[in-house]
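Biologist: Could you take me through one part of this model up close? I'd like to hear how a pair of neighbouring helices pack, and what sits around them.

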Amino acid sequence: MKSPLRRLPTLLCSAPEKPLPTNPGPRRDPIPVPHRTIPEPTGRDLDFVNVAHSHLVHADWDELDRLRAGLTPFRTTHVLLKIRKDHVLSLEFFNWVKLRCPSAHTLETHSIALHVLAKNGKFKSAESMVRALVAAAGPVDLARQLFDAVLCSYRACDSSPRVFDSLFKTFAHLKKFRNATETFRMMKEYGFLPTVESCNAYLSALLSMNRVDVVFSFYREMRRCRISPNVFTLNMVMSAFCKAGELEKAVDLFREMECKGCCPTVASYNTLIAGHCSKGLLSSAMELKEMMEKNGFHPNVITFNALISGFCKEGKLHEANKIFSRMKASNVAPNTVTYNTLIHGYSEVGDSEMGGRIFEEMSKYGVRADILTYNALILGLCKNGKTKKAAYLVKDLDSKGLVPNNSTFSALIRGQCVRNNPDGAFQLYKSMIRSGSHPNSETLTMLMCAFAKCDDLDGAVQVLMEMVDRSMLPDSVMLSEVCHELRQCGKDQLAMKLCSELQARTLIPVGFDRGLIFGTE
């Protein structure tokens with residue numbers, strides 16, 4: 001594959017700045033924020049509000065406690081309005097009501113408290129309040145109701161636009177994408193826009209869920225709304241391009257970052273390096289590392305981990321080890337990910353001895369091993385049929401506070417299959433199920449192959465039935481072999497029953513020719 005990096009040096013130096021394409025569409029004037037007047041208290045309501053206010057300003061909580069039976073949402077609203085200039089007292093009273101008389105709270109009282117917090121820059125407290133509301137609402141779609149409540153009390157509280165930004169950012173942090181999108185849309189309708197920091201929170205949440213399609217559309221919307229991206233925004237969009245396999249667009253965005261005077265960071269280079277490594281473009285990844293050093297950036301543990309991972313995935317363990325040595329020479333301390341990547345790399349090529357040496361170094365320098373470390377070691381040993389050593393490592397898991405998972409059992413099953421012991425492998429499979437782990441189709445196919453290799457047709461059929469029960473697609477070659485052997489043994493009915501069951505569940509694999517096995521019937 002041709003690397004888009006080849007165009008990078010000249011582009012960085014000589015390309016004229018091109019503005020990002022934007023499509024503003026027809027301009028719409030924002031809807032005016034409504035002038036809603038909250039009814040003033042009269043009579044007993046007014047007396048209650050005044051007395052409660054007096055107790056609050058004198059910090060007489062015992063006297064206030066005697067009034068709690070008379071609290072209503074209307075009275076709570078007006079007490080909050082009366083003390084809103086004191087954000088500390090407002091939050092204390094809000095929490096007191098929440099504890100003593102929760103029924104006196106409504107979306108309106110919450111909205112007033114949010115206005116007070118946002119206007120005073122207490123955004124973490126505002127986010128905590130919204131989080132609590134979302135948790136209490138359960139499956140109810142809160143975004144519209146909460147936005148309307150905040151909007152209606154906006155002018156009465158002489159609030160700040162940041163209150164809407166807090167709503168959007170909180171929904172982003174909670175990964176409530178529909179709520180965040182709805183809040184963003186309503187904000188635009190009334191002429192409010194989120195800060196770039198809140199937009200970044202939304203992009204980050206989307207990226208963590210691999211919603212790269214939404215990352216691109218939201219980034220375009222940011223530009224249409226003239227929300228200026230910062231380096232963190234561009235880094236995330238570059239990462240999205242890399243995840244989507246659009247490396248050339250990631251490189252173009254990197255170039256644009258330079259031209260627009262938005263200085264790349266170490267994370268910018270790391271994103272591109274990881275993107276090139278994922279495509280197997282290791283020479284280009286190394287050139288990027290050299291470029292970042294030339295531009296005054298020091299590679300960090302993420303840089304080296306990406307390069308080591310790239311070389312390991314290509315089976316180039318010698319080069320990966322050279323990167324590992326340079327890493328230590330650069331006084332960059334390897335972490336658990338570094339060691340796990342190398343151990344797994346050596347295990348994949350069956351070099352359990354070298355994997356063991358890396359593990360010894362890891363222990364020597366006090367780097368904590370996790371279940372991925374042990375799984376990689378166990379896999380390396382099992383590939384070589386060293387099941388006793390692998391079993392010893394499994395026993396060591398408990399002392400380390402680690403629990404075997406799917407990968408642990410799959411590696412152990414592989415070890416028994418390598419030793420041509422399908423019965424032992426099937427016992428491990430049963431242990432795997434009892435532990436709550438779930439095998440994948442690769443593990444069961446490997447187990448079925450082991451039985452077939454040992455001419456144990458009953459065992460192979462048993463595994464095939466397990467795959468059917470778990471709605472897993474069997475391997476076409478193995479299925480053909482099992483059906484053919486069943487017919488050879490005179491078990492045509494069983495073979496036909498298996499095929500019918502697979503067909504009923506739409507589990508017939510591509511390449512399986514039933515007619516070839518059973519004739520023209």
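Modeller: Here is a close look at one helix pair, followed by a helix beside it and two loop residues. Keep in mind that this is a predicted model.

Let's start with α15 (residues 266-278) and α16 (residues 282-294), whose axes lie 8 Å apart at an angle of about 165°. Since angles over 145 degrees count as roughly antiparallel, that makes α15 roughly antiparallel to α16. The two cross in a left-handed sense. On the α15 side, the contact is made by V266, Y269, N270, L272, I273, H276 and C277. Facing them from α16 are L282, S284, A285, L288, K289, M291 and M292. Sort that contact by class and you get 10 nonpolar residues, three polar and one charged.

α15 also turns up in another spot: along with α11 (196-208), α12 (212-224) and α14 (247-259), it is among the elements covering the buried residues of α13. That helix is mostly covered, with 11 of its 13 residues buried. The buried set is V231, T233, L234, N235, M236, V237, M238, S239, A240, F241 and C242. The length of α13 (residues 231-243) checks out too: at 1.5 Å a residue it should span 18 Å, and its end C-alpha atoms are 18 Å apart, which agrees.

As for the loops, K175 sits between α9 (162-173) and α10 (177-189), and its phi is near 60°, a positive value in a non-glycine residue. At 40% relative accessibility, K175 counts as partly exposed. S471, in the loop between α26 (457-469) and α27 (476-488), has a positive phi as well, near 55°. With a relative accessible area of 48%, S471 is partly exposed.

Key. Residues numbered from 1 in each chain as written. Predicted model: local features only at pLDDT ≥ 70, side-chain atom pairs only at ≥ 80, totals over all residues. Heavy atoms only, no water. Axes fitted to C-alpha atoms, helices over the stretch in contact; angles between N-to-C directions. Helix = DSSP H or I, 4+ residues; strand = E, 2+ residues; numbered from the N terminus. Parallel < 35°, antiparallel > 145°, perpendicular 65-115°, else oblique. Left-handed = near helix turned anticlockwise from the far one by under 90°. Contact = heavy atoms within 4.5 Å. Nonpolar A, V, L, I, M, F, W, Y, C, P; charged D, E, K, R; others polar. Expected span 1.5 Å × (residues − 1). Buried < 20%, exposed > 50% of the residue type's maximum accessible area, 1.4 Å probe, protein only.
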